[in-house]
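Thanks for making the time this morning. I would like to walk through one model with you, beginning with a single residue and working outwards from there.

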Amino acid sequence: MEKSGKFSDYLFAKMGPPNMTAAVHGTELPPKTTERCDAPLELTGYRKWLSDNLMLLVTLSGVMLGVILGLSLRPLQLHEDSIMLISYPGELFMRVLKLMILPLVISSLIAGSASLNAKMNGKIALRTLVYFATTSLFNAALGIALVMLIHPGNPDLHNADDRASDKRAVKLLDSLLDLGRNVFPDNLFQASIQQAHTVYLPKPSVLHSLNDTANDTAVGIVHGVEAQRQIPEMEPVVLVRDVQYRSGTNTLGIVFFCLVFGTVLGTIGQKGQVVVDFFAAVFEVIMKMVTCVMWLTPVGISSVIAGKILSVDNLSLVMAQLVWFIITVAIGVVIYQLIVMQFIYFVFVRRNPFKFYKGLIEAMLTAFATASTAAALPLTFRCMNEKLRIDQRITRFVLPIGCNINMDGTALFIAVASIFIAQMSGMVLGFGELLTVLLTSTAASMSSASVPSAALVLLLVVLTAIDAPVQDVTLLFAVDWFVDRIRTTNNMLGDCYAAAVVEELSRKELMALDAAAVNYPDMPAGTPNGHHVGLLEGQTELESPGKCQLNDSVVVDMSAVMNNVNLQQEQSNRRV
């Protein structure tokens with residue numbers, strides 16, 4: 001009887017406090033278990049799978065609906081106004097995504113770099129840049145190998161009428177110098193709306209005013225004998241460089257400024273903590289806005305894809321003519337995504353790479369639909385932080401930089417496209433020309449903007465370097481709307497895999513920062529993946545009340561500190 005009494009006491013205690021309504025009438029009965037349940041019901045089976053992959057299914061349905069809608073409406077030969085109305089929801093969807101890019105990049109970089117010390121920022125930046133340069137070089141080499149093996153260039157596709165057009169002066173030196181001008185902007189506010197670029201203009205001549213005077217004199221003479229004597233002969237036009245500004249966000253300059261600002265901000269201690277908290281709060285707000293916008297994905301993405309399919313003239317003819325070029329680029333993208341990326345991830349991280357790849361499908365579909373790494377950046381943050389649990393200090397640092405520098409798919413496309421055009425022109429490229437394509441494709445891709453069809457402009461740089469006809473680039477405009485989406489997935493996935501690799505390479509330094517925080521009693525300990533325990537609901541790591549800034553000279557006894565970490569985790573487990 002004593003055991004049964006203890007069991008009944010235990011049972012009533014687990015069922016909750018007495019019913020207050022019954023207590024008023026003089027009886028104390030436990031409430032019904034259906035009236036109050038603090039623990040949420042755990043979903044199982046297909047319901048759990050549907051809950052975990054709901055956003056992925058929504059995005060995939062938008063892509064499929066756009067393809068079906070576009071192909072179904074093509075036989076109707078819709079008017080331009082009808083196509084514009086179909087594309088209008090997608091245009092608004094793209095504008096909303098691009099609206100959040102600038103505040104997301106600024107807040108993530110400043111909050112991320114301020115949470116690390118300057119020495120740690122330098123190591124992560126070096127590892128990130130080395131990874132980006134290596135993978136871009138590999139993609140360019142892969143593109144060259146595939147285009148030489150498949151040989152998609154057919155001289156019969158060449159349009160003789162295009163040869164009459166003027167040759168555009170584009171040099172690799174100008175592209176590299178423009179890259180430096182954009183990295184170091186002279187006006188931060190101008191960098192948010194304009195980019196610096198080099199153009200070639202006719203050189204102003206001293207005889208220009210004489211020509212105007214001679215033309216005015218010739219107008220007053222009816223018969224042109226005297227006019228011919230006074231008007232000097234036209235001199236050949238000399239082009240000179242001129243640095244101008246074009247519309248578009250100079251994200252490279254903003255990224256550089258935010259990295260320096262955040263690094264210095266992290267060194268001033270508690271004086272700058274209010275600024276760090278502000279940018280951390282901005283980042284959280286933007287991510288919540290992204291979550292709301294993503295529910296519009298079926299309408300937005302389907303509208304974008306359907307509008308593109310409907311706006312292409314002679315879709316079947318274009319695909320038939322350039323099918324081997326598309327196949328070459330697609331094979332390169334598939335090889336890099338499914339073989340090379342997975343191999344790199346497994347070698348460095350030592351985990352299942354396809355599970356990591358599966359977690360990025362939602363962001364990859366968004367990048368495919370929008371054809372822009374920057375437009376997919378908000379959703380990429382969401383997948384990396386919430387699904388894959390990559391350290392937020394790394395994602396906030398690597399993803400914005402990779403969005404502007406790491407263009408693996410662009411390097412592959414430029415290498416394939418340049419040799420494809422050379423093959424159409426009957427050019428035979430030697431080892432020197434192929435090496436030039438390799439280096440210029442890598443350099444040009446790292447100076448590419450994360451906007452749709454930016455690679456076609458950089459393709460002119462490579463064609464000029466190997467003296468190939470730049471007029472034939474117009475042939476690729478017909479299929480770039482599709483190829484651009486394929487290569488953008490490579491760019492986006494390259495940023496994510498770079499963050500995973502850099503996190504693994506920087507794990508010791510991250511653990512040292514987390515472990516050093518244990519030595520300070522007011523600062524909560526952090527887990528190895530950067531997610532702090534003991535935070536309130538909706539509170540970020542940088543918003544914890546007991547913060548402590550660590551300078552670059554922190555020396556950590558890892559054996560002693562890790563024992564403290566294990567002891568603290570055991571105590572927290574016992575309390576739970």
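Let me start with a question: does Ser418 count as buried or exposed? Bear in mind, before I answer, that what you have in front of you is a predicted model. Ser418 sits in helix H21, and because its relative accessibility is 0%, where the cut-off for buried is under 20%, Ser418 counts as buried. If we set aside residues up to four places away in sequence, Ser418 touches Val437, Leu459, Val462, Leu463 and Ile466.

Staying with helix H21, which covers residues 408–424, let me turn to its contact with helix H24, residues 477–505. The axes of these two helices come within 6 Å and cross at roughly 135°, and H21 and H24 are therefore oblique to each other, since that angle falls neither over 145, which would be roughly antiparallel, nor within 65 to 115, which would be roughly perpendicular. On the H21 side the contact involves Asp408, Gly409, Thr410 and Phe413, and these meet Asp480, Val483, Arg487, Asn490, Asn491 and Gly494 in H24. By character, the residues of this contact divide into 2 nonpolar, 5 polar and 3 charged.

Helix H24 also brings us to the interior. The largest nonpolar core has 123 residues, and the members that touch the most others are Phe325, Phe356, Leu360, Met384, Val398 and Tyr497. H24 gives the most to this core, with 13 residues. To take one of those well-connected members, Leu360 is in contact with Cys383, Met384, Leu388, Met492, Leu493, Cys496 and Tyr497, once its neighbours within four places in sequence are left aside.

Stepping back to the whole chain, there are 26 helices and 2 strands, and of the 576 residues, 46% are buried. Among contacts with a separation of 6 or more, 83% are between residues 24 or more positions apart.

Finally, a word on confidence. The chain averages a pLDDT of 75, and 70% of the residues score at least 70. Over residues 28–39, however, the pLDDT is below 50, although the model has 13 contacts for this stretch beyond near neighbours in sequence. Residues 217–232 likewise stay under 50, and there the model has 10 contacts beyond four places in sequence. Where pLDDT is low, the predicted coordinates should not be read in detail.

Note on methods: Residues are numbered from 1 along each chain as its sequence is written. This is a predicted model: local features need pLDDT of at least 70, side-chain atom pairs count only at pLDDT 80 or more; totals for chains, interfaces and linings use all residues. Side-chain values use heavy atoms; hydrogens and water are left out. Axes are lines fitted to C-alpha atoms, for helices over the stretch in contact, and angles run from 0 to 180 degrees between N-to-C directions. Helices (H or I, at least four residues) and strands (E, at least two) are DSSP runs, numbered from the N terminus. Angles under 35 degrees count as roughly parallel, over 145 as roughly antiparallel, 65 to 115 as roughly perpendicular and the rest as oblique. Contact means heavy atoms within 4.5 Å. Ala, Val, Leu, Ile, Met, Phe, Trp, Tyr, Cys and Pro count as nonpolar, Asp, Glu, Lys and Arg as charged, and the others, Gly among them, as polar. Buried means under 20% relative accessible area, exposed over 50%, partly exposed in between (1.4 Å probe, protein chains only). pLDDT is the predictor's confidence in each residue, from 0 to 100. A nonpolar core is a set of buried Ala, Val, Leu, Ile, Met, Phe, Trp, Tyr and Cys residues joined through side-chain atoms within 4.5 Å.
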